Amino acid sequence: MSAQRTWWRDGVIYQIYPRSFQDTNADGLGDLQGIIQRLDYLKELGIDGIWLSPINPSPDVDFGYDVSDYHGIDPKFGTLQDFDRLLQEAHQRDIHIILDLVLNHTSDQHQWFQESLKSKDNPYHDWYIWRDPAPDGDYPNNWLAIFGGPGWEYNSELNQYYYHTFCPEQPDLNFRNPDVRQAVLEVFRFWLERGVDGFRLDVFNAYYKHRELRDNPRRKGFYLRPYDRFEHVNDCSQPEMFPLLQDIRRLVDQYPDRYVVGETFLASPVQARMYIAPDLLHAGFDYAYARSTWSASSFGNAIAYWDALHGEEDWPNYFLNNHDTPRSAARYVTGEEDARLKLLACMHLTVRGTPYLYYGEEIGMRDTRYKRKEIQDPVGKRKWLSVQGRDGCRSPMQWDASMNAGFSPARPWLRVNPDYISRNVEAQQQEPQSLLSFYRALIHLRRENPVLHAGSLELLPLENESVLVYRRSTPSRQALVALNFSNRPQQITLPSLEIENQTWQLLFGGNGPAAPELDSGSLCLPPYGTAILLS
Ligand code: NOJ
Ligand code: CA
């Protein structure tokens, strides 16, 4: 990896769910102007890039993840001119913009699909995955939709089914049609020409399905969700994905300093890793870290595995939160205490890899609980009894204690979490001990100390099972990070420094004073205490 600073590798990326960030025209929905207004806040926080959840026109069956025009901006968010301004204003502040491209499927309102419906002879018919019914009239195969029900939707006029991995209103594109491939590459080119810095590819490894649409084999064991009762070997992760990624990367590399990160669908870390290479994706997401239980060994194992998979050649990334997952504050914390969240922040911002933050994570936003009639998410609507859906982590950003948390003067599309009166940006900005101040201080430390963003990683054996300890190293510097996962004080032995004539110095402590005793070579950590030591 090059020694030169690279924004997506050495920096911090912040995900914005645009509907929920900042409304400026009083319609209860966040918009691009709102993001522009908050760029100074993000600059002060210290981030290097923004991943915007989809902003293309969408009928919002899945809130932007059902696109009806890949070359436009949804009017509820603004115009192409607003987008150009956002890019320009972000770039002036050295903030990069990553667009979310949802190309596995379109909206059923997309013109391509509307044409595809007209007749079997229509040139767009084969842009989607259409099949005749089985001889007995049944579905063409046993594939299911992950949001519930069969994967096949019947059209009586054509007497055919089309396939959808998600909702019926999200028909999957047929990537085996060269025109689809071409149209998709044009989408990349369009946004690259406009100056976009990178892309997040939604469920990219589902683009190709088995050529013969073979049935998925049954999985052994008991699974509550019907979708999980099958091995998804034929409806995703096909070998044809590799040459397509190579074409995408070749195109992206024609523009300097661009980045492509992939969301791998249903894949193991090993599968996710296979798509990352100098001629494929720059990076990929893995869920093991976010799914860790609260213990030093659980996080340590997830990090050790993902880090080793990347080796020297490639660069891992990590997220604790996104728009599909209950927030870390809901997963690991009960009540209003932020000590555990400070520990997570310290780990997240000092482990080797690109940290992704999700809006509101920096102030410890909790999930909002919604009543059934308030649910917006299609997953929540369809599965209310077993799954609440994903609205809880999508509630509006809590800026201040004014009406609707300063998000909007109008009724927000999703109700604001009632804790906004005390938990908000303005309150935390004024409080040196707040979670926000903690994030900001750590992001700046990370930027100032190359060993914290660029160093190699060595996880030390768990001498004390409550304390995760790792070392980051560059040829001239070492850093040691110690994180006490328990609610009691803990002590560890400081490892020796591998650089001669230097001693460990405490650079940063969190959740109370950490006390290194250099003579006896030990370090005491308060409950949930964190310490960063530097050589
Ligand atoms: C993954 C996205 O993260 C999720 O929000 C969306 O519902 C599905 N892909 C479908 O696009
Ligand atoms: Ca608005």
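In the predicted model, T293 has a relative accessibility of 52% and therefore counts as exposed, the cut-off for that class being over 50%. The position of T293 falls in the loop that runs between strand β9 (283-284) and helix α9 (296-310). A separation of 94 residues along the chain lies between T293 and V387, and the C-alpha atoms of these two residues are 20 Å apart.

A second exposed loop position is provided by E212, whose relative accessibility of 53% places this residue in the exposed class. E212 belongs to the loop between β7 (198-201) and α7 (241-252), and the side chain of E212 forms a polar contact of 2.9 Å with the side chain of R214. With respect to Q114, from which E212 is separated by 98 residues in sequence, the C-alpha to C-alpha distance amounts to 25 Å.

Turning to buried positions, E89 is found in helix α4 and has a relative accessible area of 18%, which is why E89 is assigned to the buried class, for which the value must be under 20%. The C-alpha atom of E89 is 28 Å from that of P59, with the two positions 30 residues apart along the chain. D60 is likewise classed as buried because its relative accessibility is 18%, although D60 is located in a loop, namely the one between β2 (49-52) and α4 (80-92). The backbone of D60 adopts a positive phi of about 65 degrees, even though this residue is not a glycine.

A positive phi is also found at N511, where the angle is near 65 degrees in a residue other than glycine. N511 lies in the loop that joins β16 (505-510) to β17 (515-517), and the side chain of N511 is engaged with backbone oxygens at two positions. One of these contacts is made to the backbone oxygen of A339, at 2.9 Å, while another is made to the backbone oxygen of Y528, at 2.7 Å.

The surroundings of the bound molecule were examined next. Ligand 1 sits in the largest pocket of the model and is surrounded by 14 residues, the closest of which are D62, D202, H323, D324 and R390. By residue class, the shell around ligand 1 comprises 7 charged, 5 nonpolar and 2 polar residues. Among the polar atom pairs between ligand and protein, an oxygen atom of ligand 1 lies 2.5 Å from an N or O atom in the side chain of D324, and a polar side-chain atom of R390 is placed 2.9 Å from an oxygen atom of ligand 1. The side chain of R200 likewise contributes an N or O atom, at 3.1 Å from an oxygen atom of ligand 1. Taken on its own, ligand 1 has 300 Å² of accessible area, and 97% of this area is covered by the protein.

Methods
Residues are numbered from 1 along each chain as its sequence is written. Chains are lettered from A and ligands numbered from 1 in the order in which they are written. This is a predicted model: local features need pLDDT of at least 70, side-chain atom pairs count only at pLDDT 80 or more; totals for chains, interfaces and linings use all residues. Side-chain values use heavy atoms; hydrogens and water are left out. Helices (H or I, at least four residues) and strands (E, at least two) are DSSP runs, numbered from the N terminus. Buried means under 20% relative accessible area, exposed over 50%, partly exposed in between (1.4 Å probe, protein chains only). A polar contact is a pair of N or O atoms within 3.5 Å; within protein, one must be able to donate a hydrogen and the other to accept it, and residues adjacent in sequence count only if both atoms are side-chain atoms. A residue is near a molecule or strand if one of its heavy atoms lies within 4 Å of it. Accessible areas come from the Shrake-Rupley method with a 1.4 Å probe; for residues, only the protein chains shown count as cover. On a 1 Å grid over the protein atoms alone, a cavity is a set of points where a 1.4 Å probe fits but cannot get out, and a pocket is an open set with protein on both sides within 12 Å along at least five of seven lines; lining residues have an atom within 4 Å of a point. A molecule sits in a cavity or pocket if more than half of its atoms lie within 2 Å of its grid points. Ala, Val, Leu, Ile, Met, Phe, Trp, Tyr, Cys and Pro count as nonpolar, Asp, Glu, Lys and Arg as charged, and the others, Gly among them, as polar.
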